[in-house]
Amino acid sequence: MSEAVRVIYIIGAGRSGSTLLDTVLASHPDVVGVGELVNLHSAGWTSNEVCACGKLGTECDFWTRVREGWQRRVPEATVEGYVALQKRIELFSGLGLVQLARMLRQRFSPTSEFHAYLRQTEALYQSIAETSGKSIIVDSSKNPIRGALLAHLRGIDLRLVHLVRDARAVVWSRKKALEADQKSGVQFPIKPRSALYSVAFWTFMNVLAALTCLFRRRQSQRMRYEDFVAEPQAQLERLGRMCGLDYSTTAQALLAGQPLKVEHPIAGNRMRMKGSVTLKPDWEWRDRLPGRDRAVCWLCAGWLLLAFGYGRKPVGKQRSASASPSWFASVWGCFTRSTANR
Ligand SMILES: [Zn+2]
């Protein structure tokens, strides 16, 4: 049996800075960053969206070779079939309660469909490792159900990074409408979302992510976006310890303002289409988010914001977020008090 592929899975809510973190982690010579892998079959190989290298998903050499390797490992699989499996097993629709119920049922009484999903997903990571020649993969899909399911794969050595960003920053980001522009990485127009919708989504995804990490406390860490951009060296050192990687060179590059190259993430934030990224903190919401929206955030998710170490006032350069939390501290910290200052 081939050696397990180490996967660093970024879990949490969207608009939290995962494209930045994916690129930073992928700058290590042993690591390949693939963006939101959960969307590869639908966005990359079905809708033929543009890869970060500038080529279409079906024309990018990297993803073409990944697909060949995937099909070689699971000849019975098809792109359409895998998308259908994803819809049934890992993707959220509505409140996501149906998928959660299905996942729990599969946990105790797995069906052939569930086994097929696991086999095809594992083959995908193996093919990426083979194609890239890298032993570690960063997947910034964020979907908590996918994160939980990866733990079922014997061929995957999973590390979870729960990336959290202040809900008010996420609400501000989701208030912006985006026009479709394929070259900029926006396949479809994105409509603005209300503060209530965004904060409900943020809460739901982060609670699921925290629970997922709770069951893998030795292989998971929580990282706040605000801590990462304020003190990348300390945060990367902490994360590197969990992943068995030395990120000191990357931290120095970030602090020096050097750009980090983006390779082939197929889906994710439009930042990936710029060819490279630099560490540039985004604090726009502090000046521009209306007071009414801030109040909605605090009323609906103040308890979780407090648990993640946020206060009514925006987080500045504070002490870093927690090191890998203990079981008790995870529960206690998640639901009752700050984890940021431990
Ligand atoms: Zn590409």
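**Entry 1: strand β1 and its neighbours**

I began at the end of β1 and found that Gly12 stands opposite Leu163 in β4. The model is predicted, so I accepted local features only at pLDDT of at least 70 and side-chain atom pairs only at pLDDT 80 or more, while totals for chains, interfaces and linings use all residues. I number residues from 1 along each chain as its sequence is written, and side-chain values use heavy atoms, with hydrogens and water left out.

For element names I followed DSSP runs numbered from the N terminus, with helices being H or I of at least four residues and strands E of at least two. I took two strands as paired if DSSP finds at least two bridges between them. By that criterion β1 pairs with strand β4 (residues 156-164) in the parallel sense, over eight bridges. I also looked up the pairing of β1 with strand β3 (residues 136-142), which is parallel and runs over five bridges. Within that pairing, I noted Val7 opposite Ile137 and Tyr9 opposite Asp139.

I then checked burial, where buried means under 20% relative accessible area, exposed over 50%, and partly exposed in between (1.4 Å probe, protein chains only). In β1 (residues 5-12), eight of eight residues are buried. Val5, Val7, Tyr9 and Ile11 point one way from the strand, and Arg6, Ile8, Ile10 and Gly12 point the other way.

**Entry 2: strand β3**

What proportion of β3 is buried? I found seven of its seven residues buried. Ile136, Val138, Ser140 and Lys142 point one way from β3, whereas Ile137, Asp139 and Ser141 point the other way. Strand β2 (residues 31-33) pairs with β3 in the parallel sense over three bridges, and I recorded Ile136 as the bridge partner of Val31.

**Entry 3: backbone angles**

I next looked up positive phi values. Most residues other than glycine have a negative phi. Lys142, in strand β3, has a positive phi near 75°. Lys142 is buried, with a relative accessible area of 7%.

Asn48 likewise drew my attention, with a positive phi of about 60° although it is not a glycine. I located Asn48 in the loop between α2 (40-44) and α3 (61-73). Is Asn48 buried or partly exposed? I noted Asn48 as partly exposed, with a relative accessible area of 21%.

**Entry 4: the zinc site**

Which residues coordinate the zinc ion? I listed Cys51 (SG), Cys53 (SG), Cys60 (SG) and His264 (ND1), at 2.2 to 2.3 Å. I counted as donors N, O and S atoms within 2.8 Å of the metal (3.2 Å for Na, K and Ca); water is not among the atoms, so sites may look incomplete. Along the chain the donors follow the spacing C-x1-C-x6-C-x203-H.

The four donor atoms subtend angles of 98 to 120° around the zinc ion, and the arrangement is therefore tetrahedral. For that label, all angles of four donors must lie between 85 and 135 degrees. Two of the ligands, Cys51 and Cys60, are both buried.

**Entry 5: cavities and a pocket**

I worked on a 1 Å grid over the protein atoms alone: a cavity is a set of points where a 1.4 Å probe fits but cannot get out, and a pocket is an open set with protein on both sides within 12 Å along at least five of seven lines; lining residues have an atom within 4 Å of a point. Grid points are joined across faces, edges and corners, and a volume is the space filled by probe spheres set on the points.

I found two cavities of 30 Å³ or more. The second largest cavity has a volume of about 50 Å³. Its lining includes Thr19, Asp22, Thr23, Ser140 and Arg272. Helix α1 (residues 18-26) gives the largest share of this lining, three residues. I sorted residues by class, with Ala, Val, Leu, Ile, Met, Phe, Trp, Tyr, Cys and Pro as nonpolar, Asp, Glu, Lys and Arg as charged, and the others, Gly among them, as polar. The cavity lining then has two nonpolar, five polar and three charged residues.

The second largest pocket has a volume of about 480 Å³. Of its 17 lining residues, Met103, Leu104, Ala148, Thr212 and Phe215 lie nearest the centre. The elements giving two or more residues to this lining are α5 (97-108), α7 (144-150) and α9 (195-214). By class I recorded 12 nonpolar, three polar and two charged residues in the pocket lining.

Key: Four donors count as tetrahedral if all angles lie between 85 and 135 degrees; four count as square planar and six as octahedral if opposite donors are over 155 degrees apart and all others between 65 and 115; anything else is irregular.
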